[in-house]
Amino acid sequence: MKAIIQILIKTSSILILIYLFVFCFYRLSDDRIGVVKNSASGEVILIFNDRFNFIWQGALPWVYNLNIADTSTTVLINANVAIPSLSILKDDLYSLKIPFSISYRIDRLNPPDKSFFSSKDAIDSYVKSFVESICGSVLVNYLEPVYNRNGILKNESELNAMIISGIVEKLKGAGIICDKLEIISRGYFPEEELYREGIARFRE
């Protein structure tokens with residue numbers, strides 16, 4: 001009887017080790033990152049990016065969802081930059097629009113906060129927020145106190161270069177590495193007449 005119990009214990013131990021190996025051990029290549037989410041809420045619990053990882057949550061697949069995602073992607077971003085004096089109108093017609101193509105990858109050694117890994121759209125939105133912020137910062141002197149469309153068009157090449165270098169630097173500090181970043185066409189800059197129309201609407 002004792003021998004049977006010992007055999008059962010050894011067999012159970014082996015089965016547990018096999019189960020843990022299958023569900024808890026993850027080997028990642030350099031272009032992959034792991035994300036652990038609460039299955040019920042979708043909340044990101046953990047991100048992992050070491051070559052070899054033991055993730056105990058993998059033993060509870062009915063509680064946690066584990067995904068292995070690419071760290072690299074390419075996305076088209078249409079940056080909207082509001083003219084401050086017209087921002088209260090909440091109408092994109094009065095916003096500048098600058099189209100970007102961005103190939104980026106997650107910095108595996110310094111990734112963004114885990115909350116941004118809830119979905120690919122969340123990471124893209126994270127990147128877009130920096131793009132729009134830099135665009136607004138570079139163009140601020142052309143947007144207030146008075147919108148200066150002609151000035152933007154006159155210095156467009158120089159401004160574009162400043163925007164691109166600013167985005168690359170800002171994203172690097174935020175855990176995103178830009179492999180390729182370009183403005184793919186001339187942006188949309190509201191006509192002066194449209195701006196004056198917006199000012200009139202604002203004053204009504």
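The exercises below work through the strand pairing and helix packing of a predicted model.

**Exercise 1.** Determine the order of the strands in the open three-stranded sheet, and state which strands form its edges.

*Solution.* Begin with the order, which reads 6-7-8, with antiparallel pairing. Next, look for strands that pair on one side only: these are strand 6 (72-82) and strand 8 (176-183), the edge strands. Finally, consider the twist, for which neighbouring strands of this sheet are turned by 30 degrees against each other on average, direction ignored.

**Exercise 2.** Describe how strand 6 pairs with strand 7, and find the bridge partner of Asn78.

*Solution.* Strand 7 covers residues 95-106, and its antiparallel pairing with strand 6 extends over 11 bridges. Within this pairing, Asn78 has Pro99 of strand 7 as its bridge partner.

**Exercise 3.** Establish which strands are touched by helix 2 and which strands helix 4 lies across.

*Solution.* Take helix 2 (residues 120-143), which packs on the sheet and touches strand 6, strand 7 and strand 8, while its direction makes about 40 degrees with that of strand 6. Then turn to helix 4 (residues 156-173), which lies across strand 7 and strand 8 and runs at about 165 degrees to strand 8.

**Exercise 4.** Characterise the hairpin formed by strand 2 and strand 3, including its turn.

*Solution.* First, the pairing: strand 2 (residues 32-38) and strand 3 (residues 44-48) run antiparallel and are joined by four bridges. Second, the register: Val44 in strand 3 stands opposite Lys37. Third, the connection: five residues lie between the two strands, and Gly42 in the turn has a positive phi of about 80 degrees.

Conventions:
Residues numbered from 1 in each chain as written. Predicted model: local features only at pLDDT ≥ 70, side-chain atom pairs only at ≥ 80, totals over all residues. Heavy atoms only, no water. Pairing = 2+ DSSP bridges. Axes fitted to C-alpha atoms, helices over the stretch in contact; angles between N-to-C directions. Contact = heavy atoms within 4.5 Å.
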